[in-house]
Amino acid sequence: MLFIRAFGVGLILFSSTAIGLLCANRLKEQIEELETIKKLLLMLRGEIKYSHSTLSEAFGSIGKRIKGPYGELLFKVAGQMDSMKGQTLAQIWEACVAEYLKESALLKEEKEKWVHFGSQLGYLDKEMQVSTIELYLEQVQEEIKNAQENFKRNGKLYRMMGVMAGIFLVILML
């Protein structure tokens, strides 16, 4: 009987601590994804500004170099743009973002901005595309700064609250 009770206490403490760690890790993943977007935007700006690539060429090139869902997203967008199925870039972009970033750690507002960014690119000349990329790059840098502050403020709190919630539950049960 004592063994079962000790096992239950251990399980409660482990579970609540794991939940706190997962919440803190989600904040860190958000920062990492924003950093990936920043890197992607810098690469896109370079491809358009200096290599004079079209959007589909730039997306394809960057999609091959970036790992994970963002690379897959860009590669898919490039493929669909080249297939000429009569869709606008905004439609292609929105569908691909919905498909590839389902499990993203980005906040809802950040995903909406990412969708909006794609809808702004398709009909502009190269100078306006570079300006749009630079504007969005500034927004991403601000979001990174806010996410880092949020992680500093709440990351440790989430971890500690997980442990404390477990201890509280154990005390209530005993």
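Arg45 counts as partly exposed, at 24% relative accessibility. That residue makes a handy way into this structure, which is a predicted model. The side chain of Arg45 meets that of Glu134 in a salt bridge, with 3.7 Å from N to O. Arg45 belongs to helix H1 and Glu134 to helix H6, so this pair ties together parts of the chain that are 89 residues apart in sequence. Glu134 is partly exposed too, since its relative accessibility comes to 27%, and partly exposed covers the range between the buried limit of 20% and the exposed limit of 50%.

Glu134 has another partner. Lys49 also forms a salt bridge with Glu134, and here the closest N and O atoms are 3.9 Å apart. Again the pair links distant parts of the chain, with Lys49 in helix H1 and Glu134 in helix H6, 85 residues apart. Lys49 has a relative accessible area of 36%, so it counts as partly exposed.

Helix H6 takes part in a further salt bridge, this time with helix H5. Lys113 pairs with Glu143, and their closest N and O atoms lie 3.0 Å apart. Because Lys113 sits in helix H5 (residues 108-121) and Glu143 in helix H6, the contact ties together parts that are 30 residues apart in sequence. The two ends of this bridge sit in rather unlike surroundings: Lys113 is partly exposed at 36% relative accessibility, whereas Glu143 is buried, with a relative accessible area of 9%. Back at the earlier pairs, shared partners join Arg45, Lys49 and Glu134 into one network of salt bridges. Over the whole structure, the search turns up 5 salt bridges, including the ones described here.

Next comes the way the helices at the start of the chain pack. Helix H1 (residues 2-49) packs against helix H2 (residues 55-65) at an angle of about 135 degrees, and their axes are 10 Å apart. H1 and H2 are therefore oblique to each other, as an angle has to be over 145 degrees to count as roughly antiparallel. Their crossing is right-handed.

H2 also packs against helix H3 (residues 69-83), at an angle of about 150 degrees and with 7 Å between the axes. That makes H2 and H3 roughly antiparallel to each other. The handedness for this pair is left, with H2 passing H3 in a left-handed crossing.

Finally, there is the surface. Which residues form a nonpolar patch there? The patch is made up of Leu13, Met160, Met164, Ile167 and Ile171, which together have about 450 Å² of accessible area. Helix H6 (residues 126-173) gives the most to this patch, with 4 residues. One of the patch residues, Met160, has its place in helix H6. Met160 counts as partly exposed because its relative accessibility is 43%. Helix H6 thus turns up both in the patch, where it gives the most residues, and in the salt bridges, where it holds Glu134 and Glu143.

Definitions and conventions: Residues are numbered from 1 along each chain as its sequence is written. This is a predicted model: local features need pLDDT of at least 70, side-chain atom pairs count only at pLDDT 80 or more; totals for chains, interfaces and linings use all residues. Side-chain values use heavy atoms; hydrogens and water are left out. Patches are made of residues with over 30% relative accessible area and no salt bridge: like charges are joined within 9 Å, nonpolar side chains (Val, Leu, Ile, Met, Phe, Trp, Tyr) within 5 Å. Accessible areas come from the Shrake-Rupley method with a 1.4 Å probe; for residues, only the protein chains shown count as cover. A salt bridge is a side-chain nitrogen of Lys or Arg within 4 Å of a carboxyl oxygen of Asp or Glu. Helices (H or I, at least four residues) and strands (E, at least two) are DSSP runs, numbered from the N terminus. Buried means under 20% relative accessible area, exposed over 50%, partly exposed in between (1.4 Å probe, protein chains only). Axes are lines fitted to C-alpha atoms, for helices over the stretch in contact, and angles run from 0 to 180 degrees between N-to-C directions. Angles under 35 degrees count as roughly parallel, over 145 as roughly antiparallel, 65 to 115 as roughly perpendicular and the rest as oblique. A crossing is left-handed if the near helix is turned anticlockwise from the far one by less than a right angle, and right-handed if clockwise.
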